[in-house]
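Trainee: I have a new structure to look at, and I would like to learn how to read it. Could you walk me through it step by step?

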Amino acid sequence: MALRTALIELIGERPFGEISVAALTERAGIGYATFFRHYPDLAAVLAEIADGLIAELLELLVPLLRARDGAAAMRALTAEVGARRQLAHALLTGAGDSMRQAITRRAIDQAMAAPTDTPGGLPRELAVTHLVGATLTILTWWLDRAPETTADEVATILDRLVLAPVLADQVPG
């Protein structure tokens with residue numbers, strides 16, 4: 001827990017790529033060698049943090065999605081991501097493509113385990129994969145390329161481009 005807390009604090013101060021194991025262990029108040037008894041590298045700590053964040057976000061979003069309130073779900077999502085902007089940026093852009101791919105896979109796996117229905121007769125795995133992938137792409141764009149865009153504007157984009165088509169009662173054609 002101390003390592004995760006310390007890494008989140010350090011991410012708030014500098015880009016993930018500039019954080020060393022030595023800086024992390026010093027902040028956490030543990031020995032350098034102790035770190036390697038628990039983790040192979042900093043990315044493993046970040047992945048553990050990502051798992052917790054994904055679980056928290058799904059806990060927040062699933063009830064809103066069950067109620068078919070996509071706009072509220074996307075506002076809740078972007079508010080949380082905005083409140084943890086530096087951490088989300090580190091997870092989606094700062095830690096590299098392999099971390100983003102791992103986060104995408106983890107989010108898909110956790111979303112597949114969540115008890116929700118898939119409307120419109122879409123195959124559940126396809127719908128979840130699309131929702132997660134498209135959502136993470138838009139969030140990455142926001143965090144990396146359009147930071148001046150407000151959380152509410154991004155929520156509207158997510159609802160319009162990602163969620164509304166999937167939540168539609170009928171599949172076109």
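Mentor: Gladly! Let us begin with one residue: Ala95 sits in the loop between α6 (85-94) and α7 (97-113). Helices here (H or I, at least four residues) and strands (E, at least two) are DSSP runs, numbered from the N terminus.

Trainee: Before we go on, what should I know about the model itself?

Mentor: This is a predicted model, where local features need pLDDT of at least 70, side-chain atom pairs count only at pLDDT 80 or more, and totals for chains, interfaces and linings use all residues. Residues are numbered from 1 along each chain as its sequence is written, and side-chain values use heavy atoms, with hydrogens and water left out.

Trainee: Which residues does Ala95 touch, not counting residues up to four places away in sequence?

Mentor: A contact means heavy atoms within 4.5 Å. With residues up to four places away set aside, Ala95 touches Phe16, Leu46 and Ala90. You can also look at C-alpha distances: Ala95 and Ala43 are 52 residues apart in sequence, with 7.3 Å between their C-alpha atoms.

Trainee: How many helices and strands are there in the protein chain?

Mentor: The protein chain has nine helices and zero strands. Its radius of gyration is 17 Å, close to the 16 Å that the globule rule gives for 173 residues, so the chain is as compact as a globular protein of that length. The radius is taken over C-alpha atoms, and the globule rule is 2.2 Å times the number of residues to the power 0.38. Along its principal axes, the C-alpha trace spans about 60 × 35 × 25 Å.

Trainee: What share of the contacts with a separation of 6 or more comes from residues 24 or more positions apart?

Mentor: Such pairs account for 62% of those contacts in the protein chain.

Trainee: How do I read burial, and what percentage of the 173 residues count as buried?

Mentor: Buried means under 20% relative accessible area, exposed over 50%, and partly exposed in between (1.4 Å probe, protein chains only). By that rule, 39% of the 173 residues count as buried.

Trainee: Let us try helix α2. Is Thr25 buried or exposed?

Mentor: Thr25, found in helix α2 (residues 21-28), counts as buried because its relative accessibility is 4%. Leaving aside neighbours within four places in sequence, Thr25 is in contact with Ile30, Gly31, Tyr32 and Phe35. Its C-alpha atom is separated by 20 Å from that of Gly94, 69 residues apart along the chain.

Trainee: And where is Arg27 placed?

Mentor: Arg27 is also in helix α2, and at 34% relative accessibility it counts as partly exposed. Beyond its neighbours within four places in sequence, Arg27 is in contact with Ala6, Glu9, Leu10 and Glu13.

Trainee: Which side chain makes a polar contact with the side chain of Arg27?

Mentor: A polar contact is a pair of N or O atoms within 3.5 Å; within protein, one must be able to donate a hydrogen and the other to accept it, and residues adjacent in sequence count only if both atoms are side-chain atoms. Here the partner is the side chain of Glu13, at 2.8 Å.

Trainee: Could we practise on helix α8? Which residues is Asp144 in contact with, leaving aside its neighbours within four places in sequence?

Mentor: Asp144 lies in helix α8 (residues 124-145), and its contacts outside that window are His89 and Thr93. The side chains of Asp144 and His89 are joined by a polar contact of 3.3 Å. From Asp144 to Thr93 the C-alpha distance is 7.2 Å, though they are 51 residues apart in sequence. With 45% relative accessibility, Asp144 counts as partly exposed.

Trainee: What about Thr135: buried or exposed?

Mentor: Thr135, which lies in helix α8 as well, is buried, with a relative accessible area of 12%. A polar atom of its side chain lies 2.6 Å from the backbone oxygen of Leu131. Not counting residues up to four places away, Thr135 touches Leu77, His130, Leu158 and Val162.

Trainee: Where is the place of Thr149?

Mentor: Thr149 is in the loop between α8 and α9 (151-167). At 13% relative accessibility, Thr149 counts as buried, and it touches Trp141, Trp142 and Val154, again not counting residues up to four places away in sequence.
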